[in-house]
Amino acid sequence: MNEIMKKWGLFCSTLLLSMGILVGCGSQEEKAQDETTTDAKTEETSNATNESFPVTITDDANREVTIEEAPETIVSIQASNTEIAFALGLGDKIVGVSDYDNYPAETADIQKVGAQDINAELVLTMMPDMALVTDYHYNTHPQVLEKFEEAGIDVVVVGGAESFADAYDNIAMIGQATGTTDEADKIIADMKERLEAIKDKAASITEKKRVWVEVSPAPDIFTTGKNTFMHEMLESINATNVAEEHDGWVKLNEEEIVQLNPDVIITTYGYYIEDPKAEVLAREGWAEVPAIKDGNVFDVDSDTVTRPGPRLIEGVESLAKFIYPETFK
């Protein structure tokens with residue numbers, strides 16, 4: 001205020017200066033009122049979250065889990081659950097993650113607590129309010145989860161997902177368990193809207209591309225058949241999965257793959273193979289495959305096409321641009 005007074009004192013009369021002081025005082029009062037209103041809204045939001053508890057959910061182990069209060073600390077022992085939690089705005093509450101968590105970047109600085117085998121002692125020393133585990137943990141390490149619950153940790157079992165619908169359910173359940181249902185609804189709505197936009201655009205495609213997907217390199221080449229995210233993604237963009245007669249993750253030999261005659265080849269292992277495209281293009285006996293002839297070999301981020309979280313929609317968008325570049329520019 002003194003700086004303002006000095007500046008305007010050089011140009012204005014005493015009357016104008018006085019008016020300026022009055023206006024300044026009014027501004028300060030308005031600012032104070034705004035801060036008070038903001039604090040009140042923050043408190044109101046916090047109270048609204050607390051008022052949604054206790055909440056009882058049915059997790060993917062078909063157990064009724066009653067959560068008394070919104071969790072302040074969370075351990076997530078599955079990469080997809082961690083991604084969901086961060087997308088829900090819970091990043092500052094995550095105190096432990098699985099050994100394989102790599103997204104978002106902040107997970108690199110969070111304590112690792114195991115993967116399929118949980119470091120139970122470490123988790124118990126951390127005493128989080130909630131542990132997000134998988135159906136694998138529930139089926140193979142029930143005693144560990146019982147110890148968590150006996151210690152007062154809310155254990156929520158999040159099952160595997162084979163479709164977008166499953167992923168939406170996981171996001172919704174974690175949102176309900178953590179008091180972030182509004183955020184979960186927004187994420188799901190955004191994913192659905194973007195997926196529908198892709199489907200609408202793909203509907204105009206008349207010549208469907210035949211696509212071969214590799215989730216591991218030679219010599220042990222695995223692909224994805226029905227009941228996988230990749231299959232659903234290819235259907236969404238009006239492409240044909242040449243392995244659609246198979247179910248889940250399957251291994252085929254190179255002779256079988258060549259006979260499928262794909263127009264496009266998608267690899268998902270670029271994070272550990274230096275140049276997957278060059279490796280595929282150099283394979284003996286593949287020269288007459290249309291995808292090889294035209295150089296249509298592309299690598300996508302594996303996590304965006306296999307990990308059931310918010311980034312699945314990014315995987316669909318990447319595939320659409322690779323497979324139908326003219327339609328999805």
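**Note on the predicted model: strands, charges and backbone**

1. In strand β2 (residues 64–67) the side chains alternate: Val-65 and Ile-67 point to one face and are buried, whereas Glu-64 and Thr-66 point to the other face and are not buried. This follows a common pattern, since in a regular strand the side chains alternate between the two faces of the sheet. The model discussed here is a predicted one.

2. Strand β2 has a partner in β1 (residues 55–58); the two run antiparallel and are joined by four bridges. Within this pairing, Val-55 stands opposite Ile-67 of β2. Ile-67 is also one of the buried residues of β2.

3. β1 and β2 form a hairpin, with five residues between the two strands. Asn-62 lies in the loop between β1 and β2, and its phi is positive, about 60°, although the residue is not a glycine. Is Asn-62 buried or exposed? Asn-62 counts as exposed because its relative accessibility is 66%, and the threshold for that class is over 50%.

4. A second non-glycine residue with positive phi is Met-127, where the angle is near 45°. Met-127 is placed in the loop between α4 and β6. With a relative accessible area of 38%, Met-127 is partly exposed.

5. The loop between α4 (120–126) and β6 (130–134) also holds Asp-129. Asp-129 is partly exposed, at 32% relative accessibility. On the surface, Asp-129 gathers with Glu-68, Glu-69, Glu-72 and Asp-92 in a patch of negative charge. A residue can belong to such a patch only with over 30% relative accessible area and no salt bridge; the 32% of Asp-129 therefore satisfies the accessibility part of that rule.

6. Which strands make up the open sheet, and in what order? The open sheet has five strands, arranged β5-β4-β3-β6-β7 with parallel pairing. Its edges are formed by β5 (111–112) and β7 (154–158), each of which pairs on one side only. At the β5 edge, two bridges join β5 to β4 (residues 94–97), and these strands run parallel. Val-97 has Lys-112 in β5 as its bridge partner.

7. Two cis peptide bonds deserve inspection. The bond from Phe-53 to Pro-54 is cis, with omega near 0°, and Pro-54 is found in the loop between α2 (14–51) and β1. The bond from Tyr-103 to Pro-104 is likewise cis, with omega near -5°; Pro-104 lies in the loop between β4 and β5.

8. Salt bridges are the next topic. Side chains of opposite charge can pair when their charged atoms come close. The count for this model comes to 14 salt bridges, taking a side-chain nitrogen of Lys or Arg within 4 Å of a carboxyl oxygen of Asp or Glu as the criterion.

9. Arg-194 and Glu-317 meet through their side chains in a salt bridge, at 2.9 Å from N to O. This pair links distant parts of the chain: Arg-194 belongs to helix α8 (residues 181–202) and Glu-317 to helix α14 (residues 312–323), 123 residues apart. Arg-194 counts as partly exposed, at 27% relative accessibility, and Glu-317 counts as partly exposed at 25%.

10. Helix α8 also holds a pair within its own length. Lys-199 forms a salt bridge with Glu-196, and their closest N and O atoms are 3.8 Å apart. Why are these two separated by about one helical turn? Lys-199 and Glu-196 are separated by about one turn because they are three residues apart in helix α8. Lys-199 is partly exposed, with a relative accessible area of 34%; Glu-196 is partly exposed as well, with 40%.

11. The salt bridge between Arg-311 and Asp-303 has its closest N and O atoms 3.9 Å apart. Are its two partners buried or exposed? Arg-311 is buried, with a relative accessible area of 9%, and Asp-303 is buried, with 16%. Both values fall in the buried class because that class covers residues under 20%.

12. Arg-311 and Asp-303 belong to a network of salt bridges that also includes Glu-83, Asp-301 and Arg-307.

Notes: Residues are numbered from 1 along each chain as its sequence is written. This is a predicted model: local features need pLDDT of at least 70, side-chain atom pairs count only at pLDDT 80 or more; totals for chains, interfaces and linings use all residues. Side-chain values use heavy atoms; hydrogens and water are left out. Patches are made of residues with over 30% relative accessible area and no salt bridge: like charges are joined within 9 Å, nonpolar side chains (Val, Leu, Ile, Met, Phe, Trp, Tyr) within 5 Å. Accessible areas come from the Shrake-Rupley method with a 1.4 Å probe; for residues, only the protein chains shown count as cover. Lys and Arg count as positive and Asp and Glu as negative; His and the chain ends are not counted. The place of a charge is taken as NZ of Lys, CZ of Arg, CG of Asp or CD of Glu. Buried means under 20% relative accessible area, exposed over 50%, partly exposed in between (1.4 Å probe, protein chains only). Two strands pair if DSSP finds at least two bridges between them.
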